[in-house]
Amino acid sequence: MEAIHLQKALKKDGEILVTGLPYKKGDQVDMILLFNRSAKKPKLTARTLMESELNGLWKNRRDLLDSP
């Protein structure tokens, strides 16, 4: 058995179009679909936090001290 990993976003509810497979008419294939909920969540890293608009948000506040 051979496996091909493809990631696609659905463009229409309940439909997915898979093209460009290296198989010919009459070949037998099995399909397993896995829903990846975590793919929609952006990953937050220290770099993305440092580059975000949150960095320095309160820099001009006199009532807050700088944190270490």
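**Group meeting talk: a walk along an extended chain**

Let me start with a pair of side chains: Lys12 and Glu15 meet in a salt bridge, with an N to O distance of 3.9 Å. Before I go further, please keep in mind that this is a predicted model. Of the two partners, Lys12 counts as exposed because its relative accessibility is 53%. Glu15 has 45%, so Glu15 counts as partly exposed.

How many salt bridges does the count come to? It comes to two. The other one joins Arg61 and Asp63, where the closest N and O atoms are 2.7 Å apart. Here Arg61 is partly exposed, because its relative accessible area is 37%. Its partner Asp63 is exposed, with a relative accessible area of 56%.

Now let's step back and look at the whole chain. What does its secondary structure come to? You'll find one helix and zero strands. That helix is H1, residues 46-50. Several of the residues I'll show you today sit in the segment before H1, among them Met1, Ile16, Asp30 and Leu33.

Next, the overall dimensions. A compact globule of 68 residues would have a radius of gyration near 11 Å, whereas this chain has 23 Å. If you turn the C-alpha trace onto its principal axes, it spans about 75 × 25 × 15 Å. You can follow that spread with one pair of residues: Met1 and Arg62 are 61 residues apart in sequence, and their C-alpha atoms are 66 Å apart in space.

For contrast, try another pair on your screen. How far apart are the C-alpha atoms of Asp30 and Ala3? They are separated by 9.8 Å, with the two positions 27 residues apart along the chain. Asp30 is itself exposed, because its relative accessible area is 67%.

So what share of the residues counts as buried? The figure is 0% of the 68 residues. Met1 is a nice example of the other end of the scale: its relative accessibility is 100%, so Met1 counts as exposed. Taken as a whole, the chain exposes about 8,100 Å², and carbon and sulfur atoms supply 55% of that area.

That brings me to the nonpolar surface. There is a nonpolar patch of about 920 Å². Which residues make it? Ile4, Leu6, Leu10, Ile16, Val18, Leu21, Tyr23, Val29, Met31 and Leu33 do.

Let me pick out two members of that patch. Ile16 is partly exposed, because its relative accessible area is 40%. Setting aside neighbours within four places in sequence, Ile16 is in contact with Lys8 and Leu10. Of those two contacts, Leu10 is also one of the patch residues. The second member is Leu33, which counts as exposed because its relative accessibility is 62%.

To pull it together: we have a predicted model with one helix and zero strands, a radius of gyration of 23 Å, and 0% of its residues counted as buried. On its surface there are two salt-bridged pairs to look at, Lys12 with Glu15 and Arg61 with Asp63, along with the nonpolar patch of about 920 Å². Thanks, everyone, and I'm happy to take your questions.

Conventions:
Residues are numbered from 1 along each chain as its sequence is written. This is a predicted model: local features need pLDDT of at least 70, side-chain atom pairs count only at pLDDT 80 or more; totals for chains, interfaces and linings use all residues. Side-chain values use heavy atoms; hydrogens and water are left out. Helices (H or I, at least four residues) and strands (E, at least two) are DSSP runs, numbered from the N terminus. Buried means under 20% relative accessible area, exposed over 50%, partly exposed in between (1.4 Å probe, protein chains only). Contact means heavy atoms within 4.5 Å. Patches are made of residues with over 30% relative accessible area and no salt bridge: like charges are joined within 9 Å, nonpolar side chains (Val, Leu, Ile, Met, Phe, Trp, Tyr) within 5 Å. Accessible areas come from the Shrake-Rupley method with a 1.4 Å probe; for residues, only the protein chains shown count as cover. A salt bridge is a side-chain nitrogen of Lys or Arg within 4 Å of a carboxyl oxygen of Asp or Glu. The radius of gyration is taken over C-alpha atoms; the globule rule is 2.2 Å times the number of residues to the power 0.38.
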